[in-house]
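Student: Before we look at the aromatic residues, could you take me through how each label is earned from its cut-off?

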Amino acid sequence: MHVTILMSRMMNQDEKEILLQKFADVNHRLNVANQQLEEANKKLKEYEEKANAAERASKMKSLFLANMSHEIRTPLNAIEGFARVLVEADSLKDRMDYLEIIESNNHRLQSLINEILDLSRVEAGEISIKKTNVDLGKMLEGIKQVFKFRCPETINLNWNKPAISVVMTTDEDKLTQVFSNLISNALKHTIRGSITYGYTISNDHHQIEFYVRDTGSGIEPEFVEHIFDIYASKDAEQKKGYGLGLALCKIIVEKMGGTISVESKVGAGTTFKFAMPFHGTIGGVATSNRTTTQSQMIRTLRVSNRGDENLLKTVLVAEDEESNFELVRIVLQKRYRLIHAHNGIEAVTLNDDEHPDLILMDIRMPEMNGLDATRIIKEVNHNTPIIALSAYAFEENIREAKAAGCDDFMAKPFRVEELIEIIERYIGK
């Protein structure tokens, strides 16, 4: 302070003004520099957000491609495999059974291709709505007739049929497509329990709300907000993804003037709802013929034994797709004693109980995936050879399988001869 007073006394008025101008100039430059720094930080944050968004989009596209690879390869595996064994079948019954499996997987593959084409049309703006008067009871009953043959015995497919007939002015094909996609999705994620679908109409008859409810594995909270994204897919190596079906549902429902939402709890099931404006008629008491398909048996561990069990080596097949297991069974049943595990937990349990000579391990299975099951099994039985059989065939998938402890890797669809050869290489004939 004394120095300031002294300097003030030593400086004349002109010098003081010059010094004040310099202070003002420095202060102005500091303010400009601070503003520039704020602008730079703002732009840097925008760049970071764009980079993170691009990284997320790239990751989701990669997961989408991995999921599409699995969805395409799985039915192809059954089609190619059963086409080969079809010509070697001795009885007409076996041939008809194999042909039915081929047709079923062909339908599955065709549906996937149609979804991809539909998405392309939607993105090109070519989707159109053609409304007619639709009897909802007949339409939803027809959906049940289609899906009841695709449901395993451990799942009840319930159509909650109202006592009052309802005719709605809507696009029957598009509405059927939404229901079909939602029920197909529910089947992917429900092992046992029920899938229930139907609709309710608001008291003022202005809105109708359709729903599909399952008792399946549920959806993690952090994934729910992305469930309708085009590239949405859960971890492809752990659980079955959601593919294109849900994205198409959202696009179709919104095109028809409605909204779609999801409620889910991990381990307790999922409910999809889509609401639309209601235009139609309500009246005429319909015959109540509601039927509920009761579960006749709980899925059990299937053991396929051929020949003298004491002479046959045991192969544990961990595979949740029935058609894929059936193909392996037909190919190997005369050579080995086969044990079927439907998921990773069953694979670990059966390994402890049966001590198989070799394990064929699918990667993506419900409840516990093949990689986690392999890690657990290898800790207990390090010498048991485990061959990964997966429709995920990218290099990173092979590396992950080897890192988990798999001794070898076969991509689906596989050639029958190669499967036999690789098993014989590890445990002989």
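**Labels and their cut-offs**

Student: Why is Trp 159 called buried?

Tutor: Trp 159 has a relative accessibility of 4%, and buried means under 20% relative accessible area, with exposed over 50% and partly exposed in between (1.4 Å probe, protein chains only), so Trp 159 counts as buried. This is a predicted model, in which local features need pLDDT of at least 70 and side-chain atom pairs count only at pLDDT 80 or more, while totals for chains, interfaces and linings use all residues. Residues are numbered from 1 along each chain as its sequence is written, and side-chain values use heavy atoms, with hydrogens and water left out.

Student: What makes Tyr 199 buried or exposed?

Tutor: Its relative accessibility is 8%, and therefore Tyr 199 counts as buried.

Student: Why is the pair of Trp 159 and Tyr 199 called tilted?

Tutor: Rings of Phe, Tyr and Trp (its six-membered ring) pair if their centres lie within 6.5 Å, and planes under 30 degrees apart count as stacked, over 60 as edge-to-face and the rest as tilted. Trp 159 and Tyr 199 are 6.3 Å apart centre to centre with 35° between the planes, which makes the aromatic pair tilted.

Student: Which rings join Trp 159 and Tyr 199 in a cluster?

Tutor: Ring pairs link them with Phe 179, Tyr 197, Phe 210 and Phe 274.

Student: How do you know that helix H8 is largely enclosed?

Tutor: Helix H8 spans residues 322–332, and 10 of its 11 residues are buried, so the rest of the structure largely encloses it; among the buried ones are Phe 325, Glu 326 and Arg 329. A helix here is a DSSP run (H or I, at least four residues), numbered from the N terminus.

Technical notes:
Helix = DSSP H or I, 4+ residues; strand = E, 2+ residues; numbered from the N terminus.
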